[in-house]
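Work through the exercises below with the sequence and the 3D view side by side. Try each task before you read its solution.

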Amino acid sequence: MQTNPNDTPQGAAKEVRITSEQPIVTSLILQPSDKLPLQLSGFVYQVSPGGEPVSGALVCVYEEGGRFLTHAYTDEKGYFAIASLAAATYFISAAKEGYHAAPLLTVALSQDTVLLEGLLLQPATSKQGTIYGTVQSIPDQAPVEGARIDLVDSTGKVVACALSSQTGDYAIYGLPLERFTAIAAAGPYSCDSAVATLSPSQPSEMINFTLSPRETPARSSFLSGFLKDPDGTPIPLAWVGLYTTEEGVRRLVAVTMSSADGYYAFPSLPDGDYVVKAQALS
């Protein structure tokens, strides 16, 4: 057994050589790492009138890859606090029934405490609607966490988005009463879509998505890239859609979003011609 330790405060490694099918027992020694008692806190206000605090709002924290991490509810002053977070980039959302859908915020947590003051919710009017439901996988009907649900209007513009929770649930509030195409997508799954029409007589609609595992083709490619503005600054949390064109009809086949450094990727694609479309949601 040849050992070459390169222990660090966060991990350790050894090279192990097995010969003559003999079992080897080896140990790794990890030094205690410094705790990172980082805290994320802030306030949720309504946009108008007067900027009053919003109590009982659900604040969700997602990892950079879209996986739901934890949540908290605001108190009577609109305040929330989430402790014991590691130094990383997170997506933050705030939502409450009766308010417009709010875009996700990107937060780079590196200090001991970060205080957010940009979580704003606009009260919905009677002319606003809601789309909600669950995202499950087939054939086991298990909930899909961190699936991204995008709403596309009749002009092809992405107008709102949400991420499914640990139980696969999602909800998008404060929508105009019109027709939308809802698209659900998650890493190793094929995307699913449905059409919803909100009206005064039906201001809310439930859409349940079922995602099937994407099969890896025998001949496949990996498509990736970066999204940047004209100054070269990365664009995070942008919607990226992948299309094929068949008989003059463009069809959406996959959806993803850009990471904190503007990176996006579509793995395991069969050979063919594609169109990539990106849209910033800010």
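**Exercise 1: A pair of strands**

Task: Find how many bridges join strand β9 to strand β12, and in which sense the two run.

Solution. Strand β9 covers residues 148-152 and strand β12 covers residues 179-185. Five bridges join them, and they run antiparallel. Strands here are DSSP runs (E, at least two residues), and helices are runs of H or I of at least four residues, numbered from the N terminus. Two strands pair if DSSP finds at least two bridges between them. For one bridge, start at Asp 150: its partner in β12 is Ile 183.

Before going on, note the ground rules. This is a predicted model, in which local features need pLDDT of at least 70 and side-chain atom pairs count only at pLDDT 80 or more, while totals for chains, interfaces and linings use all residues. Residues are numbered from 1 along each chain as its sequence is written, and side-chain values use heavy atoms, with hydrogens and water left out.

**Exercise 2: The sheet around that pair**

Task: Give the strand order of the open sheet that holds β9 and β12, and explain why β10 and β13 are edge strands.

Solution. Step one: the order is β10-β9-β12-β13, four strands with antiparallel pairing. Step two: β10 (158-163) and β13 (192-197) each have a single partner strand, so one side of each lacks a neighbour in the sheet. Step three: neighbouring strands are turned by 20° against each other on average, direction ignored. Such angles use axes, which are lines fitted to C-alpha atoms (for helices over the stretch in contact), and run from 0 to 180 degrees between N-to-C directions.

Now look at the loop between β9 and β10, where Asp 153 is placed. Asp 153 is buried, with a relative accessible area of 17%. Buried means under 20% relative accessible area, exposed over 50%, and partly exposed in between (1.4 Å probe, protein chains only). Leaving aside neighbours within four places in sequence, Asp 153 is in contact (heavy atoms within 4.5 Å) with Val 159, Glu 178, Arg 179 and Phe 180.

**Exercise 3: Another open sheet**

Task: Trace the open sheet that contains β2 and β5, and name its edge strands.

Solution. The order is β3-β2-β5-β6, again four strands with antiparallel pairing. β3 (68-73) and β6 stand at the edges, each with a single partner strand, so one side of each has no neighbour in the sheet. The twist averages 30° from one strand to the next. β2 and β3 pair over five bridges. Tyr 62 stands opposite Phe 68 in β3.

**Exercise 4: The largest core**

Task: Which strands each supply at least two residues of the largest nonpolar core, and which gives the most?

Solution. A nonpolar core is a set of buried Ala, Val, Leu, Ile, Met, Phe, Trp, Tyr and Cys residues joined through side-chain atoms within 4.5 Å. The largest has 21 residues, and Leu 40, Val 44, Phe 80, Ile 92, Leu 116 and Leu 119 touch the most other members. β1 (38-46), β2 (58-63), β4 (79-85), β5 (88-95), β6 (105-109) and β7 (113-121) each supply at least two residues. β7 gives the most, with four. Apart from this core lies another, of 20 residues, among them Val 135, Tyr 170, Ile 172 and Ala 182.

**Exercise 5: Aromatic pairs**

Task: How many aromatic pairs does the whole structure hold, and what is the geometry of Phe 43 with Tyr 79?

Solution. Rings of Phe, Tyr and Trp (its six-membered ring) pair if their centres lie within 6.5 Å; planes under 30 degrees apart count as stacked, over 60 as edge-to-face and the rest as tilted. The search finds three pairs. Phe 43 and Tyr 79 are tilted: 5.2 Å centre to centre, 55° between the planes. Phe 43 is in strand β1 and Tyr 79 in strand β4, 36 residues apart. Phe 43 is partly exposed at 22% relative accessibility, and Tyr 79 is partly exposed at 28%.

Next, take Tyr 170 and Phe 209. Their ring centres are 6.0 Å apart and their planes at 40°, so this pair is tilted. Both residues are buried.
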